[in-house]
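Here's a quick tour of a small piece of modelling output. Have a look at the fold first, then read on.

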Amino acid sequence: AKQPSVIDFLDTLLSTEDIEISLAEIEIEPGSRIDGITIKKANQLYQFEALVVSIIEKGHKVTVSQVSASTLIKAGHKLIVVGVIDQIQKLSELAIN
């Protein structure tokens, strides 16, 4: 299932300085504002607008886990997100206690 367009897009995304979109890992701290709520609720409350593409559970290796609006964000999770720098910064601030 090769998808060269996807690979080209990611190469461009991660190597072009003109594009402000980034890929980031954000760890959720216990008691943070988004600990214990769904992705949908967190975005409704705080409008962070970054796209959560995967969640890595504490103690697990990197896996691609399916996320949806109803996915619960928990302390210890690492969110893999895509967004512009401001969106990622806002979500990072929400993830700390």
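What follows goes from the overall layout to the sheet, and then to the core.

## The overall layout

Keep in mind that this is a predicted model. The protein has three helices and three strands, and reading from the N terminus they come in the order α-β-α-β-β-α.

The chain counts 97 residues, and 30% of them are buried. As for the outside, the accessible surface is about 6700 Å², with carbon and sulfur atoms taking 53% of that. Contacts reach a good way along the chain: if you take those between residues at least 6 apart in sequence, 72% link residues at least 24 apart.

## The sheet

In what order do the strands sit in the sheet? It's β1-β3-β2, an open sheet of three strands with antiparallel pairing. β1 and β2 are at the edges with a single partner strand each, so each has one side with no neighbour in the sheet. On average, neighbouring strands are turned by 20 degrees against each other, if you ignore direction.

Now for the pairings themselves. β1 and β3 run antiparallel and are joined by seven bridges; in this part of the sheet, A24 stands opposite V81 of β3. β2 and β3 are antiparallel as well, joined by five bridges, and here I55 has L79 in β3 as its bridge partner. One helix lies against all this: α3 packs on the sheet, where it touches β1 and β3, and its direction makes about 150 degrees with that of β3.

## The core

The largest nonpolar core is made of 19 residues. Which of them have the most contacts inside it? That would be I34, F48, V52, L79, V81 and L91. Two of these names came up in the sheet: L79 as the bridge partner of I55, and V81 as the residue opposite A24.

Several elements feed this core with two or more residues: β1 (21–27), α2 (39–46), β2 (51–56), β3 (78–84) and α3 (85–94). The biggest share comes from α3, which gives three residues.

## A closer look at F48

F48 is worth clicking on, as one of the core residues with the most contacts there. Skip its neighbours within four places in sequence, and what does F48 touch? Its contacts are I39, A42, N43, Q87, K90, L91 and L94. Among them, L91 is itself on the list of core residues with the most contacts inside the core.

Definitions and conventions: Residues are numbered from 1 along each chain as its sequence is written. This is a predicted model: local features need pLDDT of at least 70, side-chain atom pairs count only at pLDDT 80 or more; totals for chains, interfaces and linings use all residues. Side-chain values use heavy atoms; hydrogens and water are left out. Helices (H or I, at least four residues) and strands (E, at least two) are DSSP runs, numbered from the N terminus. Buried means under 20% relative accessible area, exposed over 50%, partly exposed in between (1.4 Å probe, protein chains only). Contact means heavy atoms within 4.5 Å. Accessible areas come from the Shrake-Rupley method with a 1.4 Å probe; for residues, only the protein chains shown count as cover. A nonpolar core is a set of buried Ala, Val, Leu, Ile, Met, Phe, Trp, Tyr and Cys residues joined through side-chain atoms within 4.5 Å. Two strands pair if DSSP finds at least two bridges between them. Axes are lines fitted to C-alpha atoms, for helices over the stretch in contact, and angles run from 0 to 180 degrees between N-to-C directions.
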